[in-house]
Amino acid sequence: MPKTDDIILTANRLEDGVVLWMTGKLDWTANRSRAAIFDADNAQSAHARAEQDAAANRIVSVYAVAVNGKADQSAREMIRAAKGPSIIPPADKPACASISLDRYFHPVMRRTSDVSLRSA
């Protein structure tokens, strides 16, 4: 049974957003079953490697997932496991349709032109 301070590291590949997991060789895989469990002694080197990869713009949103039986129950991990998004577009509107987002944002956000449903 893992200790409560054991972790796995996860991130998203910057190029396409794919969820990645750090392996025991300190590289990244899209296969969660190949994710390494890092104890307190090895976590520091794993974090250092993740920081290097983030600084090199290979990955984003690095975070540690506690290996204690509770992480898989978090909302973020359920969405990622389902290969989510957490919302479903309205049936009468395609996901990439040009729709007004005004009703979904705070009035301050309505004034910005940087909000888009389309990826670059």
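Which residue forms a salt bridge with R49, and how far apart are the closest N and O atoms? Select D53 together with R49: the two form a salt bridge, with their closest N and O atoms 3.3 Å apart, where a salt bridge is a side-chain nitrogen of Lys or Arg within 4 Å of a carboxyl oxygen of Asp or Glu.

Before going further, note that this is a predicted model, in which local features need pLDDT of at least 70 and side-chain atom pairs count only at pLDDT 80 or more, while totals for chains, interfaces and linings use all residues. Residues are numbered from 1 along each chain as its sequence is written, and side-chain values use heavy atoms, with hydrogens and water left out.

**The salt-bridge network**

Keep D53 and R49 selected and show helix α1 (residues 40-55), in which they lie four residues apart and are therefore separated by about one helical turn; helices (H or I, at least four residues) and strands (E, at least two) are DSSP runs, numbered from the N terminus. Now add R58, which forms a salt bridge with D53 at 2.9 Å between the closest N and O atoms, so that R49, D53 and R58 are linked in a network of salt bridges. Within this network D53 is buried, with a relative accessible area of 2%, whereas R49 is partly exposed at 30% and R58 is partly exposed at 46%; buried means under 20% relative accessible area, exposed over 50%, and partly exposed in between (1.4 Å probe, protein chains only).

**R13 and D16**

The count of salt bridges comes to three, and one of them is found by selecting R13 and D16, whose closest N and O atoms are 3.0 Å apart. R13 is partly exposed at 30% relative accessibility, and D16 is partly exposed as well, at 44%.

**The sheet**

Next, display the strands, which form an open sheet of four in the order β3-β2-β1-β4, with antiparallel pairing (two strands pair if DSSP finds at least two bridges between them). β3 and β4 (59-66) stand at the edges, each with a single partner strand, so one side of each has no neighbour in the sheet. Strand β1 (residues 7-13) is joined to β2 by three bridges, and selecting N12 leads to V19, its bridge partner in β2.

**T23**

Finally, select T23, in the loop between β2 (19-22) and β3 (28-29). T23 is buried, with a relative accessible area of 4%, and, leaving aside residues up to four places away in sequence, it touches T29, R34, A36 and F38, contact meaning heavy atoms within 4.5 Å.
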